[in-house]
Amino acid sequence: MSTGADPVVAITGAASGIGAATAALFSRQGWRTAGLDLRPSTTDLSMTCDVTDAAAVRSAIDAAAGRFGGIDAAVTAAGYYEEGIDVCDITRAQWDSMLQVILGGTVNTCAAVLPHMIARQSGTIIAISSELALGGSATDLHYVAAKGAVLGLVKSLAAELAATPIRLNVVAPGPTDTPLLAPDSLWRKPGYLATLPLGRLVRPGEVAATVYYLATEGRAYCGEVLSPNAGAVI
Amino acid sequence: MTAVNGRPVAFVTGAAQGLGHATALRLAADGFAVAVNDISDDGRLAALASQIGGLAVPGDIADPDAVTAMARETAGHFGGVDVLVANAAAMEMGPFLTQDPRTWWRQVEVNLSGHFRLIQAVVPHMRAAGGGRIVLIASGWGVIGHPNATAYAASKAGLIALAKGLGRELAPQGILANAIAPSYIDTEQLGVDAADAGITLDEMRQRYRELIPTGQLATAPDIAAAVAFLAGPGGSAFVGQVLQPGGGVTRTRA
């Protein structure tokens, strides 16, 4: 890490679920944390920010880099989920919003963070996708398409930056026990969980541990997808 | 998990050198009691076992009787086996059409069948302890293939399928099986490759770097870290996965 002091991580969607678990784990490990979320997050630098707003993301990332002297790792966890919608019933607004948050948010974060990393020739970006992007799904096509687009984005950015020391990879969790999954979600039903080799939802801390491993010992991964998914997609 | 003075037990095959050696060191540093295997002990295995306070269990993975004996000795010594790292491997390069069937079967026996039997020998101990981890060291060549390495690639692809099948079959019992498919690693094997190719070690390194998108050879500790992740608390949601810390060599796979 090149900041000299404790390393720095910027996390989008840091106020809840996987983002919050990631912030908590990095913090416990001595990292300084910057959180970007619509709501305040439990981080060293909590910034309310809409990831669909490129200028706002840029300002927030610049503020974090200025405050901490650089950014060693960025984690794009901002997102939301909608299920149970047939393809013909997904409205234009639902489609656009999902793409803007998940794909656009990841693009905006990468675009804001990479100049700092390129300037220091150091850093790693870890994008949160989903096992649904690998295995496909039904009645949540806008979410799956957006998460799939994240795979293409990160793999291509990883290839583009392969000759630099900057690494980009993806974590594609299985259904995870976060507030994104409604209490009556299909993915919480015993009949579905019984189809998983592990027989249970993934825990946010398990996704965070995967992110942390990539950030700290993942120098040999370039454009890869790591899947803490309880066996949902093998 | 089994406890040897509070430490879980790991069994690493092919540990005399290279990434097996690095893996044994890493797991020991992470708090495991470690049994280390290689085909024979020329002194390096005993030295490693001594260094990490572990147990040397030399023997040929391709020999079913030896496999039974080493599993029994490890479980007897430590009281169980919680983690198996299947790393021992045989590789012999050559054109497919003229390959001697004996070289084919040797690679399949060591890399795939030998570990299949070793897994059969250790899983009852994992079951008895209520769970365990199996980490199969496959190869990037088992993912994308490689000319003149068809037997090796096939055996390693078999290990990947074995990890997926075992993952599905054993996860309900708390035993998590996964694979790691490294690509070009800076280990003693590079010297063998260089000798085969009739070039210097540095020339070999450079030739491999040109095949890697990042231009960086992975190190044995990089791969050992992947093993430690899958074998440790962070790997508890991984089932039947194939980690590919190869600098992007396999990135273009379908």
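Hi everyone. Before I count anything, one definition: helices here are DSSP runs of H or I with at least four residues, strands are DSSP runs of E with at least two, and both are numbered from the N terminus. With that in hand, chain B comes to nine helices and seven strands. Please keep in mind throughout that this is a predicted model.

Let me stay with chain B for a moment and talk about its overall build. Its radius of gyration is 17 Å, close to the 18 Å that the globule rule gives for 254 residues, so chain B is as compact as a globular protein of that length. If you lay the C-alpha trace of chain B along its principal axes, the span is about 50 × 40 × 35 Å. Of the 254 residues, 56% count as buried. And if you take the contacts in chain B with a separation of 6 or more, 68% of them come from residues 24 or more positions apart.

Now to the sheet. In what order do the strands of the open sheet in chain B run? The order is E3-E2-E1-E4-E5-E6-E7, seven strands with parallel pairing. At the edges sit strand E3 (55-56) and E7 of chain B, each of which pairs on one side only. Helix H3 of chain B, residues 64-78, packs on this sheet and touches strand E1 (9-12), strand E2 (33-36) and E3 of chain B. The direction of H3 makes about 155° with that of E2(B).

Let's walk across the sheet, starting with E1(B) and E2(B). Four bridges join these two strands, which run parallel. As one example of a pair, Val12(B) has Val36(B) in E2(B) as its bridge partner. E2(B) is covered on both faces: Ala33(B) and Ala35(B) lie on one side, Val34(B) and Val36(B) on the other, and all are buried. So Val36(B) turns up twice, as a bridge partner of Val12(B) and as a buried residue of E2(B).

Further along, strand E4 of chain B, residues 83-86, pairs with E5(B) in the parallel sense over four bridges. There, Val85(B) has Val135(B) in E5(B) as its bridge partner.

Strand E5 of chain B, residues 132-137, is in turn joined to E6(B) by six bridges, and these two run parallel. Ile134(B) stands opposite Ala177(B) in E6(B).

I'd like to pause on E6(B), residues 175-180. How many of its six residues are buried? Six of the six are. In a regular strand the side chains alternate between the two faces of the sheet. You can follow that in the residues here: Ile175(B), Ala177(B) and Ala179(B) point one way, while Leu176(B), Asn178(B) and Ile180(B) point the other way, and all are buried. On its way to the edge of the sheet, E6(B) pairs with strand E7 of chain B, residues 242-243, in the parallel sense over two bridges. Ala179(B) has Val242(B) in E7(B) as its bridge partner.

Next, the domains. Chain B is divided into domain 1, covering 9-183 + 219-243, and domain 2, covering 187-217. Their C-alpha centres lie 24 Å apart. The contact between them takes six residues from domain 1 and five residues from domain 2 of chain B. On the domain 1 side, the classes are three nonpolar, three polar and no charged residues.

Over to chain A, which has seven helices and seven strands. From the N terminus on, its elements run β-α-β-β-α-β-α-β-α-α-β-α-α-β. The radius of gyration of chain A is 17 Å, close to the 17 Å from the globule rule for 234 residues, so chain A is as compact as a globular protein of that length. Its C-alpha trace spans about 50 × 35 × 35 Å along the principal axes, and buried residues make up 55% of the 234. Among contacts in chain A with a separation of 6 or more, residues 24 or more positions apart account for 70%.

Finally, where the chains meet. The contact takes 28 residues from chain A and 27 residues from chain B. On the chain A side, helix H5 (141-160) and helix H7 (204-217) each supply at least two residues. Which element of chain A gives the most to that side? That is H7(A), with five residues. By class, the side of chain A that touches chain B has 16 nonpolar, seven polar and five charged residues.

Thanks for listening!

Terms used: Residues numbered from 1 in each chain as written. Chains lettered and ligands numbered in written order. Predicted model: local features only at pLDDT ≥ 70, side-chain atom pairs only at ≥ 80, totals over all residues. Contact = placed C-beta atoms within 7 Å. Nonpolar A, V, L, I, M, F, W, Y, C, P; charged D, E, K, R; others polar. Buried ≥ 20, exposed ≤ 12 C-beta atoms within 10 Å, placed from the backbone. Pairing = 2+ DSSP bridges. Domains from an automatic or database assignment. Rg over C-alpha atoms; globule rule 2.2 N^0.38 Å. Axes fitted to C-alpha atoms, helices over the stretch in contact; angles between N-to-C directions.
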